[in-house]
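Work through the following exercises with the sequence and the model side by side, and try each task before reading its solution.

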Amino acid sequence: MNGFDWNAVGESLPLLLEGFRVTLLATVLGTLVAAVLGLAVAMAGRAPSKLVTVPVRLVTEFVRSTPLLVQLVGAAALFNTVEPLYIGIAVLGVHYAAYTSEVYRAGIDGVPKGQWEACRALSLSPRRTWQAVILPQAVRNVLPALGNYAISMFKETPFLAVITVQEMVFEARKYGAEHFAYTEVFTLAGLVFLVASYPTSLLMRKLEKRLGH
């Protein structure tokens, strides 16, 4: 490509790979937070008391109704003594938990009523019913959707740059500013995102088809 500085690509690659390590770490830990917290929110939403369900619903709707970028900046301002990476992981996890909770809810509602009735007929305790019968089926059904949210989170990690988390886009912008090579470095960053996310997307599609049969 005419005018494309390949030397900048070679020089920036190690920096971008280091930033990619941070990106991957934030994605993996954020996904774990979203998966666990989302399940907790879904379970809380089924509580018999409105003292539990109403606050949970209000908080969930608030998180869904505000942009991730605003949540990141607000959390960074409130917890300015905390490492930005930890703030980013927590905010990503909470943000996506608001969505994964709905996925879990749909998975739980999708468990056939006969399974619930069988548990009652066997006099299983509520805890045993959830642990041994309901949740294994519900989680199996929602795995592809959870995987898709993990991919979405991965693609939104560049927002962490606004709170100075040194992920891949942060490193790309820094290198571009220092060497006036924005085209080269952001093209490389985009390719890294593509190489990392596209195969995972294909895997999620195969898993969805397999679980659908």
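**Exercise 1.** Determine how the residues that line the largest cavity divide by class, and which element gives the most to this lining.

*Solution.* Begin with the count of cavities, bearing in mind that this is a predicted model: the structure holds 1 cavity of 30 Å³ or more, and the volume of the largest cavity is about 50 Å³. Next, list its lining, which is made up of T31, A34, A35, Y96, T100, L146, Y149, A150 and M153. Two or more of the lining residues come from each of the elements α1, α4 (84-109) and α6 (126-156), and α6 gives the most, with 4 residues. Finally, sort the lining by class, which yields 7 nonpolar and 2 polar residues, with no charged residues; Tyr and Ala count as nonpolar in this sorting.

**Exercise 2.** Find the residues that make the nonpolar surface patch, and decide whether V28 is buried, partly exposed or exposed.

*Solution.* The patch covers about 390 Å² and is made by L24, L25, V28, L29 and L32. Of these, V28 has its place in helix α1, which spans residues 6-44. Its relative accessible area is 44%, and because the partly exposed class lies between 20% and 50%, V28 is partly exposed.

**Exercise 3.** Classify N7 as buried or exposed, and state what separates its C-alpha atom from that of V142.

*Solution.* N7 also lies in helix α1. Its relative accessibility is 58%, and since exposed means over 50%, N7 counts as exposed. For the second part, N7 and V142 are 135 residues apart along the chain, and their C-alpha atoms are separated by 45 Å.

How values were computed: Residues are numbered from 1 along each chain as its sequence is written. This is a predicted model: local features need pLDDT of at least 70, side-chain atom pairs count only at pLDDT 80 or more; totals for chains, interfaces and linings use all residues. Side-chain values use heavy atoms; hydrogens and water are left out. Patches are made of residues with over 30% relative accessible area and no salt bridge: like charges are joined within 9 Å, nonpolar side chains (Val, Leu, Ile, Met, Phe, Trp, Tyr) within 5 Å. Accessible areas come from the Shrake-Rupley method with a 1.4 Å probe; for residues, only the protein chains shown count as cover. A salt bridge is a side-chain nitrogen of Lys or Arg within 4 Å of a carboxyl oxygen of Asp or Glu. Buried means under 20% relative accessible area, exposed over 50%, partly exposed in between (1.4 Å probe, protein chains only). On a 1 Å grid over the protein atoms alone, a cavity is a set of points where a 1.4 Å probe fits but cannot get out, and a pocket is an open set with protein on both sides within 12 Å along at least five of seven lines; lining residues have an atom within 4 Å of a point. Grid points are joined across faces, edges and corners, and a volume is the space filled by probe spheres set on the points.
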